[in-house]
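Reader: I've just opened this one and would like to talk through its empty spaces and its packed parts. Can you take me through them?

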Amino acid sequence: MTRALVLGGGGVAGIAWATGVAAGLARQGVDIGKADVFIGTSAGSVVGAQLASGVGAETLLAQQLTPPASSREQAQPFSQQEANARNRALMDKVSGDLTAARKHIGAHALRSATVPLAHRREIISARLPQAGWPVRALRVVAVDTATGQHATFDRDSGVDFIDAVAASCAVPGAWPAVPIDGRAWMDGGIRSLSNADLAAPAQCVLIIAPLGYADDNPVSGHLRAEVRMLQDGGARVAVVVPDSYSTRAMTDNVLDPARCAPSARAGLVQALRIAPDIASFWNEGDTGGAAESR
């Protein structure tokens, strides 16, 4: 049985929350780092890279609770609710054409003033445990700013590991697009905040989604449809989304590093509570359809 771990986007707060979830599950005997394949989008590309590289969840949690003094993480003015509202307005403008909407966002990414790419690359590199791709199967998603089409980068793609993760994390307007093979790439969350459909044909799929189902974001909020697609293909699916405590800890600005420690603690507490349900799914091969844990 192939087990896939899908890790969705959610900024630095989402990285912290997903890390707390991983640590809480591990404390209860659920080692999600033993997945056969990791699918990472934006924040999820970072957590996926860390787990696929063999870094223990407790080590990652400690880094979130007490970040090193040398950390160069930067806060950005951001509102997820406002971003969702802009995407709703954009979809009205392009008459529901997702490709056109993504091209609009790509153009915005290219004309936005951001920190220099080299500076951003240093930040991404500091998050990763190694400079090269892990041996274990890791796929990270990014979107071409010009075409609106996505690519899935892995160790066989010939793409630099740090560049791939930086591209997947390149929030339009906040961080610079990343040049790869003559194209400029932006955040994989512009295709989907989860990209869970890319886990097919895995038979067991655990989805950790820091921004939840994002039903009010018509550009990126496709998780419910992705779950249905996986189920229709015969997969068992479980979804972990933030509970109310975790949502408050992360706040609406998920690009604020000050939210990392509170978000990690909230994810830890939530995971300790839901671990029995996830254990029956992940460890024992419990049969069934989709399950949600908050």
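Reader: Which helix gives the most to the lining of the largest pocket?

Author: That's H4, with 7 residues. Keep in mind that this is a predicted model. Helix H4 spans 80–93, and helix H5 (98–111) also supplies at least two residues of that lining.

Reader: What makes Phe78 a lining residue of the largest pocket?

Author: A lining residue has an atom within 4 Å of a point of the space. Phe78 is among the 32 residues that line the largest pocket, so by that cut-off Phe78 has an atom within 4 Å of one of its points. Phe78, Ala83, Arg86, Val171 and Pro172 lie nearest the pocket's centre. About 680 Å³ of space lies in there, and the lining has 13 nonpolar, 14 polar and 5 charged residues.

Reader: How many cavities of 30 Å³ or more does the structure hold?

Author: There are 2. About 100 Å³ of space lies in the largest cavity, and about 60 Å³ in the second largest.

Reader: Why is the largest cavity called a cavity and not a pocket?

Author: In a cavity a 1.4 Å probe fits but cannot get out, while a pocket is an open set of points. The space of about 100 Å³ is listed as a cavity, so the probe fits there but cannot get out. Its lining has 13 residues, with Gly11, Val12, Arg120, Arg127 and Leu255 nearest the centre. Helix H1 (11–27) and helix H6 (117–127) each supply at least two of the lining residues, and H1 gives the most, with 3.

Reader: How many charged residues line the second largest cavity?

Author: None: its lining has 7 nonpolar and 7 polar residues. The lining of the largest cavity, by contrast, has 3 charged residues.

Reader: What makes Ile32 part of a nonpolar core?

Author: Members of such a core are buried, meaning under 20% relative accessible area, and are joined through side-chain atoms within 4.5 Å. Ile32 belongs to the largest nonpolar core, of 67 residues, so Ile32 is buried by that cut-off. Ile32 is also one of the members that touch the most others, along with Leu5, Phe153, Leu206, Ile208 and Trp282.

Reader: Which residues does Ile32 touch?

Author: Leaving out residues up to four places away in sequence, Ile32 touches Leu5, Ala22, Leu25, Phe38, Leu51, Leu206, Ile208 and Trp282. Apart from this core lies another, of 20 residues, including Ala202, Ala209, Leu223 and Leu230.

Conventions: Residues numbered from 1 in each chain as written. Predicted model: local features only at pLDDT ≥ 70, side-chain atom pairs only at ≥ 80, totals over all residues. Heavy atoms only, no water. 1 Å grid on protein atoms, 1.4 Å probe; cavity = no way out; pocket = protein on both sides within 12 Å on 5 of 7 lines; lining within 4 Å. Points joined across faces, edges and corners; volume = space filled by probe spheres on them. Helix = DSSP H or I, 4+ residues; strand = E, 2+ residues; numbered from the N terminus. Nonpolar A, V, L, I, M, F, W, Y, C, P; charged D, E, K, R; others polar. Buried < 20%, exposed > 50% of the residue type's maximum accessible area, 1.4 Å probe, protein only. Contact = heavy atoms within 4.5 Å.
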